Amino acid sequence: MNIPKFIPNWIAGVEKASVNSQSFNKLNPADGKTLFQVARSGAEDVNLAVKSCLSAQPQWAAVPPVKRGLILHDIVRTMIDKKEEIAHFVHMETGKSMNDALGEVGGAIECGLFYASEGQRLYGRTTTSGVPNKFASTIRQPVGIAGLIIAANTPIANVAWKVFPALICGNAAILKAAEDTPATAWIFGKIAHEAGLPSRVLNIIQGYGEEAGAPLVAHEDVGVISFTGSTEVGRKIQHTAGKRLAKVSLELGGKNPLIVCDDANLENAAKWILLSAFSNAGQRCASGSRIIIFDSIYEQFVNMLVDKTKELKVGNTNQDDLGPVINEKQLNNMLNAIKKATEYGGNILIGGKRLSDDKHRGGFYLEPTLIDNIDSHAEISQCELFGPIANLYKVNDYQEALDLANDSPYGLTGCIHTRSFDRANHFIQHLQAGVAVVNAGTFGSEPHMPFGGSGYSGNGTREPGTEALDIYSDLKDVYVNINPNEL
Ligand code: NAD
């Protein structure tokens with residue numbers, strides 16, 4: 001497959017370098033070598049994208065939603081035809097295995113199918129009125145221009161998660177790609193173009209957050225900002241967009257607890273902990289990074305976890321279980337956090353180091369890491385690391401486990417392993433998070449389900465599912481009064 005040497009923006013259906021002609025290097029996380037150059041865009045590029053959207057959006061909104069859905073179906077069909085090609089880009093720029101990349105493309109396709117079909121619904125509501133001869137209902141209208149800013153961890157899923165709902169609602173969109181995964185966004189733009197999406201409806205901007213993302217958030221003509229990324233950046237975005245009262249949806253980080261009770265199926269719990277903590281190299285907002293284990297099974301279970309972790313293979317092939325993290329800066333953040341934790345008494349049960357043998361040389365690989373003996377209020381317990389690191393905590397009973405699970409500024413997902421129906425049910429009711437799971441992992445983002453969190457994990461919005469339609473459309477109340485004397 002030909003790897004482009006330069007990844008440009010997509011503006012008004014045309015591939016464009018940034019106005020200032022600047023670019024940056026994108027490195028391969030698997031070996032640290034340069035993959036290609038990327039357009040380093042700024043406010044002028046955002047202005048061009050906004051112009052393109054302004055000229056296209058009224059016509060796009062005038063296309064009946066069912067027909068918009070058919071066009072989105074054509075994009076999905078093209079994605080299915082080019083599944084391998086998209087996966088190759090994901091594999092190449094994230095370092096995850098081809099199999100994992102293909103799985104991610106499959107998820108993006110499912111998301112696209114869901115929203116394409118929403119064109120046949122886009123329900124408003126017909127309801128009652130307190131006044132005689134008055135009929136009340138709601139209809140959905142596009143917001144206008146949607147600014148979509150995404151993280152790099154699951155690049156094609158993140159694109160699909162935002163672009164499809166924004167477009168089905170009749171908005172024109174500007175996608176600010178993650179600087180670490182520009183090529184996946186670029187190939188999606190190409191596919192949308194080839195599939196027949198009107199060319200100015202979707203614009204894709206490459207570049208760094210402060211330079212290309214911030215002007216998008218600040219732009220007066222961008223009516224809704226949907227952001228997936230860190231809590232720190234989410235706060236800045238809320239602040240800027242709040243000043244001009246734009247609609248904002250924030251999908252932020254997590255420090256997700258997974259409880260293992262004394263009555264759990266330990267084999268099943270161990271399997272899910274490894275997947276929750278280490279799949280995608282722990283670069284999931286929903287990753288299970290706080291493992292809370294009952295005292296009575298602690299030693300036995302931790303030995304089992306350590307043995308199973310030893311068997312994990314790190315690398316970017318289909319034989320490997322987890323790949324590199326996305327860039328060297330993230331890797332160094334994690335190494336520093338681990339060092340700091342050990343200075344405060346943390347005990348590394350396994351892992352903790354960068355891999356730099358022949359297979360991993362130059363790549364951004366961290367050994368899958370388990371740490372215990374850490375205070376629940378230590379920095380490593382409270383801050384998201386976004387890598388293959390999980391902390392283990394010992395508790396006496398269920399109530400202590402639940403209290404610890406809730407003792408976090410984040411509230412995205414959580415899981416319990418137990419055979420007790422009562423415990424499971426109590427946990428579902430009392431976990432402070434947007435997703436509660438029983439006897440599996442800290443996963444939970446099927447395309448038709450509302451995902452999101454509380455506290456540092458978001459601002460209360462939910463995407464995807466039909467709930468995302470509330471973000472990308474505005475409801476209008478409609479009252480029709482019939483004058484009986486004029487019948
Ligand atoms: P990040 O916040 O550094 O960057 C995310 C995106 O925001 C990038 O495109 C970046 O260029 C842009 N950005 C950075 N500064 C900006 C600014 N000032 N204005 C506008 N845009 C700006 O996050 P990251 O390290 O790339 O991604 C990891 C984070 O994403 C983790 O916290 C993870 O939990 C979170 N995440 C959340 C979800 C979810 O659904 N809740 C899903 C995936 C990832």
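Which side chains meet in a salt bridge with 3.8 Å from N to O? I began my notebook with that one, and I found Asp307 and Lys310. I should say right away that I am reading a predicted model.

**Entry 1: the helix pair**

I looked up where the two partners sit. Asp307 and Lys310 both belong to helix 10, which covers residues 295-310. They are three residues apart, about one turn of the helix. Next I checked how open each one is. Asp307 has a relative accessible area of 42%, so I noted it as partly exposed. Lys310 reaches 60%, and exposed means over 50%, so Lys310 goes down as exposed.

**Entry 2: the whole chain**

I then stepped back to see the chain as a whole. I counted 15 helices and 22 strands in its secondary structure. The C-alpha trace spans about 80 × 60 × 40 Å along the principal axes. Does the radius of gyration agree with a compact globule, or disagree? It agrees, because a compact globule of 487 residues would come out near 23 Å and the chain has 23 Å.

I also looked up burial, and 55% of the 487 residues count as buried. Then I turned to contacts between residues at least 6 apart in sequence. Of these, 73% join residues at least 24 apart.

For the surface, I wrote down that the chain exposes about 20300 Å². Carbon and sulfur atoms supply 51% of that area. Last on this page are the charges: there are 44 positive and 52 negative ones, and their mean positions are 5 Å apart.

**Entry 3: more salt bridges**

How many salt bridges does a search of the whole structure find? The search gives 21. I followed up a few of them.

Lys359 forms a salt bridge with Asp320, and their closest N and O atoms are 2.8 Å apart. This pair links distant parts of the chain, with the two positions 39 residues apart in the numbering. Lys359 is in the loop between strand 15 (347-350) and strand 16 (369-372). Asp320 is in the loop between helix 10 and helix 11 (328-343). Is Asp320 buried or exposed? Its relative accessible area is 9%, and buried means under 20%, so Asp320 is buried. Lys359, at 47%, is partly exposed.

My next pair was Arg354 and Glu328, whose side chains meet in a salt bridge at 2.8 Å, N to O. This pair, too, links distant parts of the chain, 26 residues apart. I found Arg354 in the loop between strand 15 and strand 16, and Glu328 in helix 11. Arg354 is partly exposed at 28% relative accessible area. Glu328 counts as partly exposed as well, at 36%. I also noted that Lys82, Lys190 and Glu194 are joined into one network by salt bridges that share partners.

**Entry 4: backbone details**

I went on to the backbone. Which two residues does a cis peptide bond join? They are Glu463 and Pro464, with omega about -5°. Pro464 has its place in the loop between strand 21 (454-455) and helix 15 (467-472).

Then I checked phi. Leu245 has a positive value near 55°, and it is a residue other than glycine. I located Leu245 in the loop between helix 8 (231-243) and strand 12 (247-251). Its relative accessibility is 76%, so Leu245 counts as exposed.

Ala281 is not a glycine either, yet its phi is positive, at about 55°. Ala281 lies in the loop between helix 9 (266-278) and strand 14 (288-294). Is Ala281 buried or exposed? At 1% relative accessibility, Ala281 counts as buried. I liked putting these two side by side: Leu245 is exposed, whereas Ala281 is buried.

**Entry 5: a tyrosine in a loop**

My last stop was Tyr123. I found it in the loop between helix 4 (98-118) and strand 6 (125-127). Its relative accessibility is 59%, so Tyr123 counts as exposed. What separates its C-alpha atom from that of Ala337? The answer is 47 Å, and the two residues are 214 residues apart along the chain.

Definitions and conventions:
Residues are numbered from 1 along each chain as its sequence is written. This is a predicted model: local features need pLDDT of at least 70, side-chain atom pairs count only at pLDDT 80 or more; totals for chains, interfaces and linings use all residues. Side-chain values use heavy atoms; hydrogens and water are left out. Helices (H or I, at least four residues) and strands (E, at least two) are DSSP runs, numbered from the N terminus. The radius of gyration is taken over C-alpha atoms; the globule rule is 2.2 Å times the number of residues to the power 0.38. Buried means under 20% relative accessible area, exposed over 50%, partly exposed in between (1.4 Å probe, protein chains only). Contact means heavy atoms within 4.5 Å. Accessible areas come from the Shrake-Rupley method with a 1.4 Å probe; for residues, only the protein chains shown count as cover. Lys and Arg count as positive and Asp and Glu as negative; His and the chain ends are not counted. The place of a charge is taken as NZ of Lys, CZ of Arg, CG of Asp or CD of Glu. A salt bridge is a side-chain nitrogen of Lys or Arg within 4 Å of a carboxyl oxygen of Asp or Glu.
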